[in-house]
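Biologist: Could you walk me through this model and show me how its labels are earned?

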Amino acid sequence: MMAWVFGSLLFWAAAWALNVRLSRLSAPWVRFFVPALFGMTVIIVWEGMVRGFGVNPVLLPAPSAIAATFVGEIPTLWGDLVQTFFKGALSGYVIGCTAGVLTAIAVDRSPFLQRGLLPVGNFVAALPIVGMAPILVMWFGFGWQSKAAVVVVMVFFPMLVNAVEGLRASETMQRDLMHTYAATPGQGLRKLRLPAAMPFIFNGLKICTTLALIGAIVAEFFGSPIKGMGFRISTEVGRLALDMVWAEIVVAAIVGSAFYGAVALAERVITFWHPSQRG
Amino acid sequence: MKSVLAILTVVVALVGFWYAACVPMNIHEAAMQAQRAGEEVTPAEAPERRHMGRISLALKNTGLWSTVFSQERPQLPAPHQVAQEFWKTTWGMIERGRAFSKRSLILHGWITLSATLLGFAFGTALGIVLAVSIVHSRAMDMSVMPWIIASQTVPILAIAPMIVVVLAALSVDDIVAKGVISMYLSFFPVVVGMVKGLRSPDAMQMDQMKTWNATRTETLWKLRLPSSTPYLFASLKVGVAASLIGAVVAELSLSSNGGLGARLLAGSYYGQTVQIWSALFAAAALAAVLVWAIGVAQKVTLKRMGFAQ
């Protein structure tokens with residue numbers, strides 16, 4: 001059994017030595033290979049330690065056991081994913097972010113309101129809003145609607161703050177230019193200030209991807225129909241079936257990264273002109 | 001001064017909106033109670049009312065509007081009800097000499113605060129150590145940094161119940177279990193900010209250290225760390241707020257020992273909406289105080305270190 005421990009430690013040392021060497025190179029594939037190798041090391045050391053020391057699966061299941069559960073339970077995991085992500089998180093994300101941007105545009109003409117909203121919004125964005133979950137579950141019932149509502153509340157303020165900042169991002173010179181073109185305020189908004197706000201808006205959208213998933217999952221701890229990722233996590237923890245919990249976490253990690261990646265990709269396409277995207 | 005007025009306007013508008021929202025939110029309950037008390041309600045029968053929208057019912061029963069702000073278990077408690085409950089469970093408890101009784105928000109706030117601070121301290125230490133090693137080792141930078149960023153797209157709060165159960169099985173103290181979750185949430189802003197800060201000295205300053213024949217350790221202590229201080233404080237503000245969120249969510253799974261999260265959960269079990277709201281406000285106040293305290297520390301430290309404000 002000790003072979004597992006020493007084997008994995010040996011692999012770790014070898015991989016690390018390789019990574020130290022590779023990191024001195026500047027080939028483009030190195031940038032992907034090095035973190036991938038590191039990730040693999042973590043999994044192999046984890047597997048080796050769990051097998052070598054015979055760790056109780058109730059505490060920490062081995063990656064291979066998690067993978068087996070994942071493959072075996074794909075229908076359940078998919079059902080949970082649809083309930084939590086597509087119904088709860090995504091709809092809440094769309095509503096909340098749209099509302100945030102629209103509110104920012106609505107207060108756009110009033111510097112007074114902006115000065116008031118920014119500090120308040122920044123303050124609220126730092127609060128543990130996720131605590132609203134029990135209230136919203138009480139109001140909207142156990143279905144996905146209450147999860148969407150939690151997500152809306154969670155993403156609204158970060159989005160609002162970023163959008164308000166963004167709409168102020170265009171320079172005086174640029175606004176003056178629009179003025180000399182005799183652009184109406186609507187045209188100025190559409191052609192100059194909204195495009196100029198896009199990097200900020202995307203910053204908000206990216207922050208909100210994680211918040212949306214967190215909100216939808218945590219809201220399910222307060223009551224949900226018998227499916228959903230948060231529901232599954234809390235019940236399987238109660239049954240000490242940690243391999244299933246880890247499988248849900250793998251799903252959450254994949255979906256979270258994919259969601260973030262999709263927004264980042266959209267950002268690349270839409271704000272291709274921004275210095276941070278041209279590097 | 002002008003912005004104080006603007007902030008006040010927004011706050012007053014929010015409170016006004018809240019009061020206005022109380023009417024449709026609580027009107028069904030108000031109509032029910034009025035009917036039981038033998039008052040006139042339109043429509044008179046409960047089944048008819050059940051299918052009516054909140055707003056149309058509110059418009060038909062303008063006489064009931066005064067009762068929606070003082071219900072025992074309202075759907076949406078009015079701001080003054082929350083303030084009363086908050087006051088009663090904080091200062092009221094001190095007056096009666098029971099500041100640390102089970103019903104006191106001071107006790108629950110303290111439980112949450114201690115877990116928050118523990119996790120925050122761990123998270124900050126971990127973040128600084130990681131940032132220093134990332135700045136000094138290219139291999140660390142390339143292999144660990146992408147994973148640190150990826151780790152934040154994982155909804156970590158979701159696994160709070162599991163961490164709590166596993167650590168409890170290892171007979172770790174509860175506060176440590178909560179602190180671990182807080183730590184995970186708060187280390188990230190510190191790593192990102194500190195990596196930026198430790199790299200902020202420009203080439204000229206680094207060359208100067210070289211001409212003085214400074215070792216890497218000396219450069220770290222005398223140049224890199226001091227010039228990273230403004231970045232550190234900016235990250236600490238984000239980190240402490242995240243840490244508090246972690247502690248509150250951890251308490252949802254670890255509710256036996258109290259804490260603001262446990263109050264939220266208990267309130268949601270028993271339909272005590274006023275209690276939920278006052279626990280929420282306690283958490284908000286705690287977050288505000290923590291961020292403010294770091295802001296003060298930031299101002300004092302940066303001033304003494306001679307950074308331009």
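Modeller: Here are some questions about the labels, with the reasoning behind each. This is a predicted model, where local features need pLDDT of at least 70, side-chain atom pairs count only at pLDDT 80 or more, and totals for chains, interfaces and linings use all residues. Residues are numbered from 1 along each chain as its sequence is written, while chains are lettered from A and ligands numbered from 1 in the order in which they are written.

Biologist: Why is A:A182 called exposed?

Modeller: A residue is exposed if 12 or fewer other C-beta atoms, placed from the backbone, lie within 10 Å of its own, buried if 20 or more do, and partly exposed in between. A:A182 has 7 such neighbours, so exposed is the right word. A:A182 sits in the loop between α8 (172-180) and α9 of chain A.

Biologist: And why is A:L240 called partly exposed?

Modeller: A:L240 has 16 other C-beta atoms within 10 Å, so it is partly exposed. Its place is the loop between α10 and α11 of chain A.

Biologist: What makes the phi of A:L240 worth a remark?

Modeller: Most residues other than glycine have a negative phi. A:L240 is not a glycine, yet its phi is positive, about 60°.

Biologist: Why is α4(A) called oblique to α10(A)?

Modeller: The two helices pack at an angle of about 125°, with their axes 7 Å apart. Angles under 35 degrees count as roughly parallel, over 145 as roughly antiparallel, 65 to 115 as roughly perpendicular and the rest as oblique. Therefore α4(A) is oblique to α10(A).

Methods
Helices (H or I, at least four residues) and strands (E, at least two) are DSSP runs, numbered from the N terminus. Axes are lines fitted to C-alpha atoms, for helices over the stretch in contact, and angles run from 0 to 180 degrees between N-to-C directions.
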